[in-house]
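Grab a coffee and work through these exercises with the viewer open. Each one sets a task, then walks through a solution.

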Amino acid sequence: MALIVIGGHSRSVGKTSVVAGLISALREFGWTAVKITQYGHGICSASGGECDCATADHSWAISEERDRSGESDTSRFLLAGAERAVWVRTEQGRLAEAIPELRTRIADAGNVIIESNSVLKFLRPDLYLTVVDPATPDFKNSAREFLDRAHAVILHNGGGGAQWQAVSLKPVAGRPVFRITPPEYVTLEIVEFVRSNLAAQVTQKQN
């Protein structure tokens, strides 16, 4: 099993679009796709709505996506060609509690692609790509923590300098940088980079 993680420095920078694009372009890998969402206080992990329930009861939930309409992120994964799509929802800081069940869910998968940064605390992927948009000021702590583990950067094109405060991209100096211009989030260069790295992983594991 190959494991790919797609992260990003903030919300709405195109992580889901990158995952869906890679699934579509590399259907031969028979993907199981996973989206991890961490909610803030007062949001129920079971339903995703506002909740005053005990955190011990609803601290995390995992569900399999069945809908192929493309209306939700995990539904987009199925529409793109994933064999399975799994949605992991946890309270902020409690992802560790869901990891044993997630490991069970993906144990028999062919290849797995996960949309998350924080999962890197618990799983070591074969490939980690991070999506960066200089026009988006927010920079998550999780993205900053694992920036040096990125094998490549997917960088939004755009005018002007980065809007981040006290953030350096030195940890990824020398790593491949793939520039994108939405709505195209996955270029041929990105596809070939992922394909060649997966092929190398297969060869290494066979030897």
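**Exercise 1: the overall layout**

What pattern does the protein chain follow when read along the sequence?

Solution. Keep in mind that this is a predicted model.
- Step 1: start by counting elements, and you get five helices and eight strands.
- Step 2: now walk along the sequence, and the pattern comes out as β-α-β-β-α-β-α-β-β-α-β-β-α.
- Step 3: look at the contacts between residues at least 6 apart in sequence; 72% of them join residues at least 24 apart.
- Step 4: check the cover. The chain has 207 residues, and 49% of them count as buried. The exposed area is about 10,300 Å², with carbon and sulfur atoms supplying 48% of it.

**Exercise 2: strand 4 and its partners**

Work out how strand 4 pairs with strand 2 and with strand 3, and say how enclosed strand 4 is.

Solution.
- Step 1: take strand 2 and strand 4. They pair in the parallel sense, over eight bridges. One bridge to find on screen is Thr37 with Arg89 of strand 4.
- Step 2: take strand 3, residues 60-64. Its pairing with strand 4 is antiparallel, over five bridges. Here you can look for Ile62, whose bridge partner in strand 4 is Val88.
- Step 3: count the cover. Strand 4 is largely enclosed by the rest of the structure, because six of its eight residues are buried.
- Step 4: stay with Arg89 for a moment. Its charged end sits over the ring of Trp87, 4.3 Å from the ring centre.

**Exercise 3: two covered helices**

Find the buried residues of helix 1 and helix 2, and say what helix 2 packs against.

Solution.
- Step 1: helix 1 is mostly covered, with eight of its eleven residues buried. The buried ones are Lys15, Thr16, Ser17, Val18, Val19, Ala20, Leu22 and Ile23.
- Step 2: in helix 2 (residues 73-80), go for Thr74, Ser75, Phe77, Leu78 and Ala80, which are the buried ones.
- Step 3: see what those helix 2 residues pack against: helix 1, strand 2, strand 4 and strand 5.
- Step 4: step just past the end of helix 2, where Gly81 takes a positive phi of about 125°.

**Exercise 4: Val191 and a long jump in sequence**

Is Val191 buried or exposed, and which residues does it contact?

Solution.
- Step 1: place Val191 in helix 5, residues 188-206.
- Step 2: compare its relative accessible area with the cut-off. Val191 comes in at 7%, and anything under 20% counts as buried, so Val191 is buried.
- Step 3: skip the neighbours within four places in sequence, and the contacts of Val191 are Leu22, Ala25, Leu26 and Val186.
- Step 4: check the jump to Leu26. The two residues are 165 apart in sequence, yet 7.6 Å apart in space, C-alpha to C-alpha.

**Exercise 5: aromatic pairs**

How many aromatic pairs does a search of the whole structure find? Classify two of them.

Solution.
- Step 1: the search gives three pairs.
- Step 2: for Phe29 and Trp31, the ring centres are 5.7 Å apart and the planes are at 35°, so this pair is tilted. Both Phe29 and Trp31 are buried.
- Step 3: Phe178 and Phe193 also form a tilted pair, 5.2 Å centre to centre with 55° between the planes. Phe178 is in strand 8 and Phe193 in helix 5, 15 residues apart, so the pair links distant parts of the chain.
- Step 4: check their cover. Phe178 counts as buried at 14% relative accessibility, and Phe193 is buried at 16%.

**Exercise 6: loops and backbone oddities**

Track down a cis peptide bond, a non-glycine with positive phi, and the surroundings of Ser116.

Solution.
- Step 1: the cis peptide bond joins Pro182 and Pro183, with omega of about 15°. Pro183 is in the loop between strand 8 and helix 5.
- Step 2: Ser12 is not a glycine, yet its phi is positive, about 60°. Ser12 lies in the loop between strand 1 and helix 1, and is exposed at 71% relative accessible area.
- Step 3: Ser116 is in the loop between strand 5 and strand 6, but counts as buried at 7%. Its side chain reaches the backbone nitrogen of Ser118 at 3.2 Å.
- Step 4: leaving out residues up to four places away in sequence, Ser116 touches Val5, Ile6, Gly7, Ile36 and Tyr128.

Technical notes: Residues are numbered from 1 along each chain as its sequence is written. This is a predicted model: local features need pLDDT of at least 70, side-chain atom pairs count only at pLDDT 80 or more; totals for chains, interfaces and linings use all residues. Side-chain values use heavy atoms; hydrogens and water are left out. Buried means under 20% relative accessible area, exposed over 50%, partly exposed in between (1.4 Å probe, protein chains only). Helices (H or I, at least four residues) and strands (E, at least two) are DSSP runs, numbered from the N terminus. Contact means heavy atoms within 4.5 Å. Accessible areas come from the Shrake-Rupley method with a 1.4 Å probe; for residues, only the protein chains shown count as cover. Rings of Phe, Tyr and Trp (its six-membered ring) pair if their centres lie within 6.5 Å; planes under 30 degrees apart count as stacked, over 60 as edge-to-face and the rest as tilted. A charge sits over a ring if NZ of Lys or CZ of Arg is within 6 Å of the ring centre and within 35 degrees of the ring normal. A polar contact is a pair of N or O atoms within 3.5 Å; within protein, one must be able to donate a hydrogen and the other to accept it, and residues adjacent in sequence count only if both atoms are side-chain atoms. Two strands pair if DSSP finds at least two bridges between them.
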